[in-house]
Amino acid sequence: MDRLDKEKMPKAANALRRNFLRTVGIGAACAGTWVSKTLPAASSPQEAPIPNIPGYDWRKHKWAFGVDATRCIGCLRCVEACKAENGVTRDAHHFRTWVERYVYLKGDDHAHVDSQSEPGNIAASGSEQAFRFDNRYQDAPVEKAFFVPKLCNHCTHPACVQVCPTGATYQTRDGVVLIDHSYCIGCQYCVQACPYGAREFNHTMGVTDKCTWCYHRITKGLQPACVEVCPVEARVFGDRNDPESPISQFIKNNRVSVLKPHTGNAPNVFYVGIDKEVS
Amino acid sequence: MPKHIVRLMILVAVVAAAAVGAKAYFTDKSYYRYGHYRGDSVAEIAGDSPRFRGNAYCKSCHQKQYAAWESSPHNNPAAGKHVRCEVCHGPVGQHPSSVATPLSFDERIALGGHAAVLTDKSAASGSLSQPKDRTQCIQCHEAMPGRPAAQRQVALASHSGMAACNSCHDPHEPKINFSELPRPAQGNPVLGKTLAAQCAACHGPDGHSVNPEWPNLASQHAGYLLKSLQAFKAGTRTNEMMSGMAAGLSDADMENLSAYFSKEGCKRVAGDQALASLGKARSATCALCHGAAGVGGNPSWPNLAGQNVSYLTASLKSFRSGSRSHPVMTSVAKTLSDDDIDRLAAFYASANCK
Amino acid sequence: MIGTLANAAPYVGYVYPNETDIPWSVLIVIYPYITGLVAGAFIVSSLYHVFGMNQFKPVARFALLTAVSFMFFVPMPLLFHLGNPQRAFNAVLTPHWTSAMSAFSYVAGFYVCLLLLEIWFAFRADIVALSKAKSGLQGRIYRLLSLGSDDVSPASLAIDHRFATALAIIGIPAAGGLHGYVGFLFGSVKAREWWSSDLMPIIFLLSAIVSGIGLLVVLYVAYSKKRKVPASEQALMGLAKTLWAFLLVVLLIEGLELLEMFYKRLEGIDTVERLIEGPIRYGMVLQWGCSIGVLGLLTVLIVSKARGRTLVAGMTVSGIAMMIGVVAMRWNVVIGGQELSKTSKGLLIYYPEILGHEGLLAVAFIFLCPFVVLWLITRFLSPWEVEAGKEVSP
């Protein structure tokens, strides 16, 4: 909080200086000079230290993620890639990312929803180490069906960070919500607080685990693993500070929505092509 | 103030001071540096090694596969398709470093030759080769409600029986260019018969070859014969005799010749029965296009029943080596061993072509 | 890392994949329950110490010891539940103040200190007497506890009394805060529909008080039987009236909350209905059955001015029923809230383990501990009235 305020101050000081000079005029030039000399000097932030990540300055990025549900084919390569990349527990109860299937049958008001960890789909894949959707609706009178990838929303106001008693989970300067696995006490309050079910508990390590947008990749100029393996561009990732980045273009060129906006969490995963039943 | 109250207050003060001191002592030095968390953890998390390493890494060794993939529909950025190497092969991780493979490439070749390297599919070798059955491809291509219409999908029950996908599709370059496959021809067999005299020296007057090195033409699909002649004339298929012969034929000549030979009756060729039964067991893949007994329903593809053993063997080997190419046969032939080829040839030679 | 989740929760409808690993087990049912017993017991002692309600004098000091015995074990279920209990002190070192949970160690620590001080002042005269009467190790412990002062002059006892009263006055908001805080811990979780209620802190606090009074009644009757001393009818009737008043308010607030929920019928209400009819059906029957039953029984006892064995039996039944009803209520909140999926399209079903560090046996062990400690403390410092003479010390 202190740090953020300090960074905002030069801007405020400049605005103040401009207004001041504009309104008071030449007669107050001396005073203006005094203000312009003293105010910024008093508030000029000392260069805040940044984390020691080779070739990466977190002040220059603001990450965000896009999901185009109209493109997703439900192949689940993202789910398996995420587990492989991040060493997520290999069973059907722990995911940093997952995919949901929404199916409306003719005459139904409500969608039939399942995910890759639903028992029928586990039977289709043959084990909890690999994932695929079964084809249970192939002969059904399907009116509308689509897949929706889910992951941590890296919210602007993350409820999980708010409830963490120790500060083991936090939001980075570049907009990613991380967990310090060596500091987490394993109370799972954050698991409760996440409205999206995006957090899972690693029983071996006794700590909560979550999507990091592959922070170890994006800080090296790579894409998150799920984006890297998505064969159909259903997942988009990039830097909001760069107007040409895939995510900036995605948000600009589409009418995007977020999940559960009423929670006030202000998610940073933007969706296209979802439907009233998706939450 | 009574003595016990004073002492109590001292006790409380000592405990409180100890608590404050302990808090300062045990708090991590990087805590609060960037916010309410351990500052060092950011760089620690960022320091993990990526396991998915991207196409460029694969390309550095597997250039041939990469080239095939690069121009295929699996790489179509304009349409938003990027089936990169690791989508199917999984994360590269440390492959093929000493972590994944205890021995270096050269060491393994020295110990067991190339075969040992190529056939070692154990997990410990860090092999990224993928299963050859359907499970891989159908993850994306099984027809399923919910998949966008733009996604290529096949109904499993009706697409090519239950054969492995790579029987016909090279996964690096999956598209089969059907426009290059032969079309049925419409010629005049009577006119063709007069032209056939120049073929008779080798292929016999009624399309039965005088030498088993050369193919029997009798009862062969006209479309296939026509396409073959066109290919020889165009030079896309070469043979020291046929290239010259075809050069002198007009389009109409080729149509008529094809019609003539396709109408002639065929004969069964004797083959090794033991080999033939082994060949039959290996023929499931071939049967998809060439029919269960070597007589295909599609006039564009050659019948194999009654064909000469030597010719069949030579053809398959030339597909396998790449000296003859075809969108489907090239990849199919690569799955066949020498024994497989001998057995298949025996099976089709002795099959009833009627 | 290959995981096998032995006790993954079965479910109906659609739940997020991670939800099948239920985060808070039966240990977190027992945690607010034990905290609540502390708050309830403390309130009774305050009724005497602060408000001068003399009918509670026979149980006032006993209530303090009960409160502290249970307070010692409030952190136990939490520590058993943590994935890394050895790091528990991280929450003390760097408390993240936006988190209700970070306040736990400070609130609980403050409250333990407060209770210990209050007990010390309430028992100081006894401690001084015992330090003179006892020799050997016991004597040395009592002398240590007396901080080397044997000043029991009326003047210094008057000062003690002022301190004790001041501490008791601080203790009321502290006890209220401690338990209101536990309610806030749940009520502030906006992701959980069944928890996220503004009324949660007040419901937790009031139900804590009724469960604590229930516990005190049961323990007081049991101790009286053991001491072969008739339980004070005055105290029991006072407890009956207090319990009745608090219980009535709890029932009203809980009832109104449900009424509002079903009247508004916000999105997901049909899943809430299925939760009540399904996974927590027996819990709801126990909670409401016990509460309404006890309210009825207490009304009869109070109106009929019951005395003697009737009063003792009636109050014992009420106390036990109240403890069962509140434990059911804790289950319905803590477990029920997690059985209702965040998708509001599905229900999970939680089955507690028997063995294991989060199992029912661990819970039974933790819940037994405060009773043992209470028994040890009462042997060391008898809470019963000094006028009874022989009962000063064991």
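# Exercises on a predicted complex

**Exercise 1.** Determine how far pLDDT supports a detailed reading of residues 387–394 of chain C.

*Solution.* Over residues 387–394 of chain C, pLDDT remains under 50, and the model has 11 contacts for this stretch beyond four places in sequence. The structure is a predicted model, and pLDDT expresses the predictor's confidence in each residue, from 0 to 100. Where pLDDT is low, predicted coordinates should not be read in detail. As background for the chain, the mean pLDDT of chain C is 91, with 96% of its residues at 70 or more. For the complex, the predictor reports an ipTM of 0.91 and a pTM of 0.79.

**Exercise 2.** Describe the side of chain B that touches chain A, by element and by residue class.

*Solution.* Begin with the extent of the interface: 36 residues of chain B are in contact with 46 residues of chain A. Next, identify the elements of chain B that give two or more residues to this side: α2 (40–46), β2 (81–82), α5 (85–89) and α7 (135–141). Of these, α2(B) gives the most, with 5 residues. Finally, sort the side by class, which yields 15 nonpolar, 12 polar and 9 charged residues.

**Exercise 3.** Characterise the fold of chain B by its secondary structure, burial and contact separation.

*Solution.* Count the elements: chain B has 17 helices and 2 strands. Turn then to burial, where a residue counts as buried if 20 or more other C-beta atoms lie within 10 Å of its own. Under this criterion, 33% of the 354 residues in chain B are buried. Lastly, consider the contacts in chain B with a separation of 6 or more; residues 24 or more positions apart account for 69% of them.

**Exercise 4.** Establish the strand order of the open sheet in chain A and explain why β3 and β4 of chain A each have one side without a neighbour in the sheet.

*Solution.* The open sheet comprises 3 strands in the order β3-β2-β4 (chain A), and their pairing is antiparallel. Because β3 (112–115) and β4 (142–151) of chain A stand at the edges, each has a single partner strand, and one side of each is left without a neighbour in the sheet. From one strand to the next, the twist averages 20°. Now examine one pair: β2 (residues 97–105) of chain A is joined to β3(A) by 4 bridges, the two strands running antiparallel. Within this pairing, A:Val103 stands opposite A:His112 in β3(A). To complete the picture, add helix α3 (residues 77–86) of chain A, which lies across β2 and β4 of chain A and runs at about 160° to β2(A).

Terms used. Residues are numbered from 1 along each chain as its sequence is written. Chains are lettered from A and ligands numbered from 1 in the order in which they are written. This is a predicted model: local features need pLDDT of at least 70, side-chain atom pairs count only at pLDDT 80 or more; totals for chains, interfaces and linings use all residues. Two residues are in contact if their C-beta atoms, placed from the backbone, lie within 7 Å. Ala, Val, Leu, Ile, Met, Phe, Trp, Tyr, Cys and Pro count as nonpolar, Asp, Glu, Lys and Arg as charged, and the others, Gly among them, as polar. A residue is buried if 20 or more other C-beta atoms lie within 10 Å of its own, exposed if 12 or fewer, and partly exposed in between; C-beta atoms are placed from the backbone. Two strands pair if DSSP finds at least two bridges between them. Axes are lines fitted to C-alpha atoms, for helices over the stretch in contact, and angles run from 0 to 180 degrees between N-to-C directions.
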